[in-house]
Amino acid sequence: MPILAHTGHWAVSLIYFSPVVVVTGGIAVTAWRDRRRERREEDDSERAA
């Protein structure tokens, strides 16, 4: 049963690591949206000029 015990340790580690993944993903999505918004605003200002 050492394989199951090892799998159990990994499962517990993943449970503790999942909030880090969620927060990092949220920050990445927010940064991506901000860059898209800035590009759109630049395009709009160039079209208006």
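**Exercise 1. Does Trp-10 count as buried or exposed?**

*Solution.* Keep in mind that this is a predicted model. Start with the location: Trp-10 sits in helix α1, which covers residues 2-48. Next, take its relative accessibility, which is 52%. The cut-off for exposed is over 50%, so Trp-10 counts as exposed.

**Exercise 2. Work out which helices and strands the protein chain has, and what share of its residues count as buried**.

*Solution.* Begin with the helices and strands: the chain has 1 helix and 0 strands. Now for burial. A residue has to fall under 20% relative accessible area to be called buried. Of the 49 residues in the protein chain, 0% count as buried. To finish, look at the surface as a whole: the chain exposes about 4800 Å², and carbon and sulfur atoms supply 66% of that area.

**Exercise 3. Find the residues that join Trp-10 in a nonpolar surface patch**.

*Solution.* Go back to Trp-10 and look for its patch partners. They are Leu-14, Phe-17, Val-20 and Val-21. Taken together with Trp-10, they have about 510 Å² of accessible area.

**Exercise 4. Track down the salt bridge and explain how its two residues are placed along the helix**.

*Solution.* First, the general idea: side chains of opposite charge can pair when their charged atoms come close. Then count: the model has 1 salt bridge. The partners are Asp-34 and Arg-37, with their closest N and O atoms 3.2 Å apart. That fits the cut-off of within 4 Å. Why are they about one helical turn apart? Because Asp-34 and Arg-37 are 3 residues apart in helix α1. Last, check accessibility: Asp-34, at 33%, counts as partly exposed, and Arg-37, at 48%, also counts as partly exposed.

**Exercise 5. Sort the charged surface patches by sign and pick one residue of each to look at**.

*Solution.* Take the positive patch to begin with: Arg-33, Arg-35, Arg-36, Arg-39 and Arg-40 gather there. Pick Arg-36, which is in helix α1. Its relative accessible area is 34%, so Arg-36 is partly exposed.

Now the negative patch. Glu-38, Glu-41, Glu-42, Asp-43, Asp-44 and Glu-46 make up this one. Choose Asp-44, which also has its place in helix α1. With a relative accessibility of 46%, Asp-44 counts as partly exposed.

Terms used. Residues are numbered from 1 along each chain as its sequence is written. This is a predicted model: local features need pLDDT of at least 70, side-chain atom pairs count only at pLDDT 80 or more; totals for chains, interfaces and linings use all residues. Side-chain values use heavy atoms; hydrogens and water are left out. Patches are made of residues with over 30% relative accessible area and no salt bridge: like charges are joined within 9 Å, nonpolar side chains (Val, Leu, Ile, Met, Phe, Trp, Tyr) within 5 Å. Accessible areas come from the Shrake-Rupley method with a 1.4 Å probe; for residues, only the protein chains shown count as cover. A salt bridge is a side-chain nitrogen of Lys or Arg within 4 Å of a carboxyl oxygen of Asp or Glu. Helices (H or I, at least four residues) and strands (E, at least two) are DSSP runs, numbered from the N terminus. Buried means under 20% relative accessible area, exposed over 50%, partly exposed in between (1.4 Å probe, protein chains only). Lys and Arg count as positive and Asp and Glu as negative; His and the chain ends are not counted. The place of a charge is taken as NZ of Lys, CZ of Arg, CG of Asp or CD of Glu.
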